Amino acid sequence: MSNAVRIHHFAKSGHAHRALVFAKLAGIAHEEVPVDLAGGEHKSPEFLARNPNGQVPVLQDGDVTVSDSNAILVYLARTYAPDWMPSTPIDEANVQRWLTLAAGDATATKAMQKLEHGLEGRDWLVGDRPTIADVANYSYTAHAPEGNVSLDPYPNVRAWLARFEALPGFQAMPATAVGLAAE
């Protein structure tokens, strides 16, 4: 594995956490590059050259630069951890469907309901093992109580979170300020 993978992040960004926790779970050698959001580093010309939107995370892998947390997950899975991205068309389509939910178009309640229903009778969102769909949906779901969204009505979601947190290599995201200046 290349040591050239660099992940520019902010520790309390759920989107950045997706990229970091995936690299750890998948055993992808990488360098974590903190971005000083309070100091405006994400608006500097150097950072904007990596991501014109001025948001974290940003991945650099040699000459390749990828922004957007879900795009980073797809890139890392395809390049370094193919077991995390199913190869059948229907399973890949289902991963993409869950990535869309993780992109945040639904309200918290609707997202929780979709996750609860999607996890009915299953351990993972797609297939019989964790995929990038699980990674993409984990961070904000786990921290929903910080936004006054109770997980109590969602037993399937709570069980899924516990399974995810038990994966080898898992690293939690710091509490509070989830999503600050993220995508």
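Colleague: Let's start small. Which residue of β4 is the bridge partner of Val58?

Modeller: Ser67 is the bridge partner of Val58 there. Keep in mind that this is a predicted model.

Colleague: What makes β3 and β4 a strand pair, and in which sense do they run?

Modeller: Two strands count as a pair if there are at least two bridges between them. Strand β3 (residues 58–61) and strand β4 (residues 64–67) have 4 bridges, in the antiparallel sense. That meets the cut-off, so they pair.

Colleague: How many residues sit between β3 and β4 in the hairpin, and what about Gly62?

Modeller: There are 2 residues between the strands, and Gly62, in the turn, has a positive phi of about 65°.

Colleague: Zooming out, how many helices and strands are there in the chain?

Modeller: You'll find 7 helices and 4 strands. Along the sequence, the pattern goes β-α-β-α-β-β-α-α-α-α-α.

Colleague: Why is the chain called as compact as a globular protein of its length?

Modeller: Its radius of gyration is 16 Å, and the globule rule gives 16 Å for 183 residues; the two values are close, so the chain is as compact as a globular protein of that length. The C-alpha trace spans about 45 × 35 × 25 Å along the principal axes. As for what is covered, buried residues make up 46% of the 183 residues.

Colleague: Which residues have the most contacts inside the largest nonpolar core?

Modeller: Phe22, Leu76, Trp84, Ile132, Val157 and Phe164 do, in a core of 48 residues. Elements giving two or more residues to this core include β1 (5–9), α1 (14–25) and α3 (69–80). A second, separate core has 6 residues, including Ala16, Val35, Leu37 and our earlier Val58.

Colleague: Let's stay with Trp84. What is Trp84 in contact with, leaving aside its neighbours within four places in sequence?

Modeller: Quite a list: Phe22, Leu25, Ala26, Ala77, Arg129, Pro130, Thr131, Ile132, Val135 and Leu167. Each of these has heavy atoms within 4.5 Å of Trp84, so each counts as a contact.

Colleague: And α5: which of its residues are buried?

Modeller: Ala111, Met112, Leu115, Glu116 and Gly118 are buried in α5. Their cover includes α4, α6 and α7.

Colleague: Now the rings. Why is the pair of Tyr138 and Phe164 called stacked or edge-to-face?

Modeller: Ring centres must lie within 6.5 Å to pair, and planes under 30 degrees apart count as stacked. For Tyr138 and Phe164 the centres are 4.4 Å apart and the planes are at 15°, so this pair is stacked. Tyr138 lies in helix α6 and Phe164 in helix α7, so the pair ties together parts 26 residues apart in sequence. Both residues are buried.

Colleague: What makes the pair of Tyr138 and Phe170 stacked or edge-to-face?

Modeller: Planes over 60 degrees apart count as edge-to-face. Tyr138 and Phe170 have 85° between their planes and 5.4 Å centre to centre, so the pair is edge-to-face. This one links distant parts of the chain, with Tyr138 in helix α6 and Phe170 in the segment after α7, 32 residues apart. Phe170 is buried, as is Tyr138.

Colleague: Which residues do ring pairs link into a cluster?

Modeller: Tyr138, Phe164 and Phe170. In total, the structure holds 4 aromatic pairs.

How values were computed:
Residues are numbered from 1 along each chain as its sequence is written. This is a predicted model: local features need pLDDT of at least 70, side-chain atom pairs count only at pLDDT 80 or more; totals for chains, interfaces and linings use all residues. Side-chain values use heavy atoms; hydrogens and water are left out. A nonpolar core is a set of buried Ala, Val, Leu, Ile, Met, Phe, Trp, Tyr and Cys residues joined through side-chain atoms within 4.5 Å. Buried means under 20% relative accessible area, exposed over 50%, partly exposed in between (1.4 Å probe, protein chains only). The radius of gyration is taken over C-alpha atoms; the globule rule is 2.2 Å times the number of residues to the power 0.38. Rings of Phe, Tyr and Trp (its six-membered ring) pair if their centres lie within 6.5 Å; planes under 30 degrees apart count as stacked, over 60 as edge-to-face and the rest as tilted.
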